[in-house]
Amino acid sequence: MTDHFDALETRAPAVREREQFARLPLQIAHAKAHAPAFARMLAGVDPAQITTRAALAQLPVTRKSELLELQKADRPFGGFATTRWGDARRVFASPGPICEPEGSAPDYWRLARALFAAGFRRGDLIHNCFSYHFTPAGSMVESGAHALGCSVFPGGVGQTEHQVQAMVALRPDGYAGTPSFLKIILDKADELGVKVPGLRKALMSGEAFPPTLRDALIARGIAAYQVYASADLGTMAYETPAREGLVVDEGVLVEIVRPGTGDPAAPGEVGEVVVTLLANVDYPLIRFGTGDLSAWLPGTSPCGRTNERIKGWLGRADQTTKVKGMFVHPAQVATIIKRHPEIVRGRLVVENPGGNDRMTLHVEISSHQPARPDVIVESIRDVTKLRSDVAFHAPGELPNDGKVIDDCRTYTRNASGDVDSLRKLA
């Protein structure tokens, strides 16, 4: 058995960058020509000029949080798909509902690479416990498994005792699904007093995979790894036996941007994951904001894969909140910060002492430029239509957790069942 899925995983980073940015203009040109939404958004863009990360960063970001309304206005895919009925193999509706097409290309969602990194090989049987209806997770794993040469038992979700019976009868080599459901199945097997022979590997996604559960599975002889994937984009990054962060998939360009903007975050800074698909001709998403937070992990993986690495899922970037009846968005905080060159970084904290909403913009200030709190307060009022205090900090003092808006309000219920505010204890 080889250690890597293909030669792309171990190519020199400079070669990867050159080859991917040679492909990118073709993908952008295809999106402009065949996807009406991109024809509008990129009307003034010459695809041939988008050959660097700096050039890519100038293109607009389409965020997942916007997709529902965009699809309502232009059914079924918001004008972002190039495929049509008869060409798309399947169509899914994730919660929202947000619709996603599945094209006919082998391993359409690019899961084979992640399965390989998790130890799956040709000839394995995979017990697939991702959902097979409405959402694409089951199909994502199955198409990747077939591309890898694996057979699949479509277990789907629920019916725990039947899952155990199928595992006993078929002796699958591995499991694909959520971490919690595998634990439920194994606990049920213990309760029934039966062994699940042969189960030695697993690919996890869809929820947090705590180290305690990972270690408990290892104690059972099951090596489980994570894949970071979505219904819109397929695989974005995946865990390898090195267990150091997640290696970026070869079929995407990943950026980490400051929440609410399209501006690249500094190395190591937590920001929003923005993804561009390089080879998907059916749904050619360009600079798609996932709403997830992560950060770059420096260095190269000891497993020999040379692509960039991210630290994994670190929370949500869409931190929109409502204050005194007004929505406040991360993009508004970014606008305020851009108006004041002396601000290095900002974080809007919302509290409700005594039941009254209060905003404070905490800002890191450069030592080279003076700051005028009254001018910053005026900018906040101008952008948000709300009053706010300002608190100053030295560079590096604010938490590096990707939060642009931190809603610290707390609530409880009184004896009559009404909601009362409860002051947060210091």
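These legends go with a set of close-up views of a predicted model.

**View 1. The open sheet and its two edges.** Nine strands make up this open sheet, and they run in the order E5-E4-E6-E7-E8-E9-E10-E15-E14 with mixed pairing. At the edges sit E5 (151-154) and E14 (296-297); each has a single partner strand, so one side of each is left without a neighbour in the sheet.

**View 2. Strands E8 and E9 side by side.** Here we zoom in on E8 (residues 223-230) and E9 (residues 234-238), which pair in the antiparallel sense. Four bridges hold the count for this pair. If you want a spot to start from, look for Ala 229, which stands opposite Thr 235 in E9.

**View 3. Helix H7 against the sheet.** H7 covers residues 160-170 and packs on the sheet, where it touches E4 (125-128), E5 and E6 (174-177). The direction of H7 makes about 175 degrees with that of E4.

**View 4. Where H7 meets H8.** The axes of H7 and H8 (residues 179-192) come within 9 Å and cross at roughly 75 degrees. That makes H7 roughly perpendicular to H8. On the H7 side, the contact is made by Thr 160, Glu 161, Gln 163, Val 164 and Met 167. H8 brings Phe 181, Ile 184, Ile 185, Lys 188, Ala 189 and Leu 192 to the contact. Sorted by type, the residues of this contact come out as seven nonpolar, two polar and two charged.

**View 5. Helix H8 and what covers it.** H8 has 14 residues, which should span 20 Å at 1.5 Å a residue, and its end C-alpha atoms are indeed 20 Å apart, so the two agree. Buried residues in H8 are Pro 179, Phe 181, Leu 182, Ile 185, Leu 186 and Ala 189. Their cover includes H7, E6, E7 (201-204) and H9 (211-219). Just after H8 comes Gly 193, with a positive phi near 75 degrees.

**View 6. Ala 39 and its surroundings.** Ala 39 lies in H2 (residues 36-41). Is Ala 39 buried or partly exposed? Ala 39 has a relative accessible area of 32%, so Ala 39 counts as partly exposed. Leaving aside neighbours within four places in sequence, Ala 39 is in contact with Ala 31 and Lys 32. Ile 28 is 11 residues away along the chain from Ala 39, and the C-alpha atoms of these two are separated by 9.7 Å.

Notes
Residues are numbered from 1 along each chain as its sequence is written. This is a predicted model: local features need pLDDT of at least 70, side-chain atom pairs count only at pLDDT 80 or more; totals for chains, interfaces and linings use all residues. Side-chain values use heavy atoms; hydrogens and water are left out. Two strands pair if DSSP finds at least two bridges between them. Contact means heavy atoms within 4.5 Å. Axes are lines fitted to C-alpha atoms, for helices over the stretch in contact, and angles run from 0 to 180 degrees between N-to-C directions. Angles under 35 degrees count as roughly parallel, over 145 as roughly antiparallel, 65 to 115 as roughly perpendicular and the rest as oblique. Ala, Val, Leu, Ile, Met, Phe, Trp, Tyr, Cys and Pro count as nonpolar, Asp, Glu, Lys and Arg as charged, and the others, Gly among them, as polar. The expected span of a helix is 1.5 Å times one less than its number of residues. Buried means under 20% relative accessible area, exposed over 50%, partly exposed in between (1.4 Å probe, protein chains only).
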